[in-house]
Structures are given as C-alpha cells and as structure tokens.
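Visitor: I should be grateful for a close look at a single part of this protein. Please choose one side chain with its partners, and then explain how that part is placed within the chain as a whole.

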Amino acid sequence: PQTCRRRRRGRAATRARRPLAARLPRRAARSPPPGTVAARALALARKVGDLVVQPPRDGASGRRTTLMPALAPGIAAVTPEGPLSEPLWRESGAVRIVPALNDAALLDATAALCADSTERRRLGQALSLIHIRRSRRAI
C-alpha cells in the first residue's frame with residue numbers, strides 16, 4: 001500500500017506534476033497543487049512529509065531549497081542526476097538518484113519509495129547523518 005503523503009512546492013513542481021497526474025490520476029487528486037513557497041515555510045512543510053521529490057532536470061545541489069530541508073529532519077529524497085549534481089549525493093547513497101531526462105524513472109522511484117518505508121527510513125537517516133557531519137564542520 002502507498003503510505004506517502006505528497007506535497008509539491010516550487011516552480012518545477014508544476015512541470016513535474018503533469019506526467020504524474022496523467023499517469024496516476026487518483027494519487028494526483030490527493031496531492032495539493034504546487035506553487036512557490038518561502039524557504040522557511042518549505043522547511044516546516046517538509047517536516048510533515050515522507051519523501052522529497054526534487055524534479056529539476058539539472059540535478060541535486062546543496063544550494064536547492066527543495067533538497068536542503070530534507071537533511072535535518074532526515075526525509076528521504078529522490079532526484080534526477082544532471083549537470084549540477086554534486087558528487088556528495090551519489091557517493092553518500094543518501095538520495096535516490098535517477099537518470100536525467102527520464103520522467104518515468106522519477107515516477108517509478110517515487111512510487112517505489114512510497115511503498116517502501118524501510119528504504120525511506122534508510123535514506124532519511126543517511127541524509128540526517130550528512131547534515132550532522134556538515135554542521136559539525138561549520139562550527
């Protein structure tokens with residue numbers, strides 16, 4: 001059974017929602033509509049979610065507001081690999097990375113993670129560890 005709560009935010013979420021809505025209309029109907037949200041509100045919203053889906057095709061970067069709020073609370077994340085992808089995300093195994101320009105792979109990985117609470121927990125813990133290690137370096 002699918003147990004993920006979905007909440008899409010940001011400009012890229014509008015584009016990413018279209019193929020999902022076409023492929024999985026019942027799930028899309030349970031998702032709030034996307035939109036642009038302030039960084040603080042986004043961080044608070046992430047705390048109640050189960051999975052961060054970062055759909056921009058240019059990749060995972062530590063500078064993205066859609067991925068960074070997943071770190072501290074340890075929320076699993078999935079993103080395409082792209083030209084802005086930083087090696088940290090693949091090397092750490094803390095983020096589910098799918099091939100760039102492959103919406104089907106992004107949707108499949110999202111659905112698989114929604115169905116697998118153990119893997120979501122593992123990814124979330126790995127992300128939280130990155131946050132802890134990087135925060136200690138900054139002090």
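**E119 and its surroundings**

Guide: The side chain of E119 makes a polar contact with the side chain of R96, at 3.1 Å. The model in view is a predicted one, and every value that follows is computed from it.

E119 belongs to helix α6. With a relative accessible area of 16%, E119 counts as buried, because the limit for that class is under 20%. The pairing with R96 also qualifies as a salt bridge between the two side chains, 3.1 Å from N to O. This bridge links distant parts of the chain, for E119 sits in helix α6 (residues 117–138) and R96 in strand β3 (residues 96–98), 23 residues apart. R96 is partly exposed, its relative accessibility being 25%.

E119 has a further charged partner. The side chain of R122 meets that of E119 in a salt bridge of 2.9 Å, N to O. Here both residues lie in helix α6, three residues apart, which is about one turn of the helix. An α-helix has 3.6 residues a turn, so residues three or four places apart point the same way. R122 is partly exposed, at a relative accessible area of 39%. Taken together, R96, E119 and R122 are linked in a network of salt bridges.

The contacts of E119 may be read in the same spirit. When neighbours within four places in sequence are left aside, E119 is in contact with R96 and L113. L113 is one of the buried residues of helix α5, a group that also holds A105, L106, L107, A109, T110 and C114. Helix α5 itself covers residues 103–115, and its 13 residues reach 18 Å from the first C-alpha to the last, close to the 18 Å expected at 1.5 Å a residue. There is also a relation to an earlier part of the chain: the C-alpha atoms of E119 and A76 are separated by 8.3 Å, although the two residues are 43 apart along the chain.

The structure holds three salt bridges. Beside the two that involve E119, there is one between the side chains of R90 and E81, at 2.7 Å from N to O. R90 is partly exposed at 46% relative accessibility, and E81 is likewise partly exposed, at 32%.

Helix α6 also takes part in the nonpolar interior. The largest nonpolar core has 14 residues, of which A77, W89, V95 and L127 touch the most other members. The largest share of this core, three residues, comes from α6. Apart from neighbours within four places in sequence, L127 is in contact with A70, L71, I75, A76, A77, W89, A94 and V95. A second, separate core of 10 residues includes L51, A109, L113 and L123. L113, the contact of E119 mentioned above, is thus found again among the members of that second core.

Another residue of helix α6 is S128. S128 is buried, with a relative accessible area of 18%. Not counting residues up to four places away in sequence, S128 touches L71, A72 and G74. L71 also appears among the contacts of L127.

A buried polar side chain outside this helix deserves a comparison. Q54 is found in the loop between β1 (51–53) and β2 (76–80), and its relative accessible area is 0%, so Q54 is buried. The side chain of Q54 reaches the backbone oxygen of G59 at 3.2 Å. The same side chain makes a polar contact with the side chain of T79, at 3.0 Å.

Finally, the setting. The protein chain has six helices and three strands, which run α-α-α-β-β-α-β-α-α from the N terminus on. Of the 139 residues, 39% are buried. The chain exposes about 7900 Å², and carbon and sulfur atoms supply 55% of that area. Among contacts between residues at least 6 apart in sequence, 64% join residues at least 24 apart. Within this fold, the part examined here comprises a buried glutamate, E119, its salt-bridge partners R96 and R122, and its contact with L113.

Terms used: Residues are numbered from 1 along each chain as its sequence is written. This is a predicted model: local features need pLDDT of at least 70, side-chain atom pairs count only at pLDDT 80 or more; totals for chains, interfaces and linings use all residues. Side-chain values use heavy atoms; hydrogens and water are left out. Helices (H or I, at least four residues) and strands (E, at least two) are DSSP runs, numbered from the N terminus. Buried means under 20% relative accessible area, exposed over 50%, partly exposed in between (1.4 Å probe, protein chains only). Contact means heavy atoms within 4.5 Å. Accessible areas come from the Shrake-Rupley method with a 1.4 Å probe; for residues, only the protein chains shown count as cover. The expected span of a helix is 1.5 Å times one less than its number of residues. A salt bridge is a side-chain nitrogen of Lys or Arg within 4 Å of a carboxyl oxygen of Asp or Glu. A nonpolar core is a set of buried Ala, Val, Leu, Ile, Met, Phe, Trp, Tyr and Cys residues joined through side-chain atoms within 4.5 Å. A polar contact is a pair of N or O atoms within 3.5 Å; within protein, one must be able to donate a hydrogen and the other to accept it, and residues adjacent in sequence count only if both atoms are side-chain atoms.
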